[in-house]
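Please examine the structure below with attention to its empty spaces and to the packing of its nonpolar residues.

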Amino acid sequence: GTIIVEVISILITIIYMAVLPVYIHNLNQKETPDQESIDSFNRYYLPSMIVFGVSIAIDFVVIFGAWIYSRRLVVLGVVWSIVAVILQFALNPTTGDDPAITVLFIIVALVLGLITLYPLIIFINEVSRGIMSPLT
């Protein structure tokens, strides 16, 4: 389960990374662009791409950790999931007259964080109790 969730997380992150520039481009193409929203998203773009890139790298580390039953590597994924959600809130762009987009970014960050955390915690718990091991 952990590996499947991490692969899905990687795919969702890649899709999110692809959609964000399209949204910023569409903001710039409006007849009367909301300059506040454009500036906010432009400030948000680079730090978000860095967070997303680190998230993908850590997802691969977690996949490897789950493959070799390493609790420490999977704990890294738990810690990063929490940090990534906090960073998404901190980096969250203000969207001027479109609060629905702000809510969407918050919901996506929370859902991805929670979906990723549950199987990681279960994995760590089961490896710690000896239920999961390379021998079983």
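The report that follows treats the cavity, the pocket, the nonpolar cores and one loop residue of this predicted model.

**Enclosed and open space**

A search of the whole structure finds 1 cavity of 30 Å³ or more. The lining of the largest cavity comprises 20 residues, and T13, S55, A84, L112 and G113 are those nearest its centre. Each of α1, α2, α3 and α4 gives at least two residues to the lining of this cavity.

The largest pocket is bordered by G1, T2, I3, A66, W67, Y69, P119, I122, F123, E126 and M132. At least two lining residues apiece come from α1 (2-28), α2 (35-67) and α4 (99-128). With 4 residues, α4 provides the largest share of the lining of the largest pocket.

The volumes and the classes of the lining residues are set out here.

| Space | Volume | Nonpolar lining residues | Polar lining residues | Charged lining residues |
|---|---|---|---|---|
| Largest cavity | about 280 Å³ | 11 residues | 8 residues | 1 residue |
| Largest pocket | about 150 Å³ | 8 residues | 2 residues | 1 residue |

**Nonpolar cores**

The largest nonpolar core has 13 residues, and V62, V74, V78, W80, L120 and F123 have the most contacts inside it. To this core α2, α3 (71-91) and α4 each supply at least two residues. The largest share of the core, 5 residues, comes from α4. Another core lies apart from it and has 7 residues, including F41, M49, F52 and F105.

F123 belongs both to the lining of the largest pocket and to the group with the most contacts inside the largest core. Leaving aside neighbours within four places in sequence, F123 is in contact with T2, G65, A66, Y69, S70, V74 and M132. Of these partners, T2, A66, Y69 and M132 also line the largest pocket, while V74 is among the residues with the most contacts inside the largest core.

**The loop residue S70**

S70 is located in the loop between α2 and α3. Is this residue, S70, buried or exposed? S70 counts as buried because its relative accessible area of 16% falls under the 20% cut-off.

A polar atom of the S70 side chain lies 3.4 Å from the backbone nitrogen of L73. When neighbours within four places in sequence are left aside, S70 is in contact with G65 and F123. G65 is likewise a contact of F123, and S70 and F123 are therefore both in contact with G65, where contact means heavy atoms within 4.5 Å.

Notes
Residues numbered from 1 in each chain as written. Predicted model: local features only at pLDDT ≥ 70, side-chain atom pairs only at ≥ 80, totals over all residues. Heavy atoms only, no water. 1 Å grid on protein atoms, 1.4 Å probe; cavity = no way out; pocket = protein on both sides within 12 Å on 5 of 7 lines; lining within 4 Å. Points joined across faces, edges and corners; volume = space filled by probe spheres on them. Nonpolar A, V, L, I, M, F, W, Y, C, P; charged D, E, K, R; others polar. Core = buried A, V, L, I, M, F, W, Y, C linked by side-chain atoms within 4.5 Å. Buried < 20%, exposed > 50% of the residue type's maximum accessible area, 1.4 Å probe, protein only. Polar contact = N/O pair within 3.5 Å; in protein donor to acceptor, adjacent residues only side chain to side chain.
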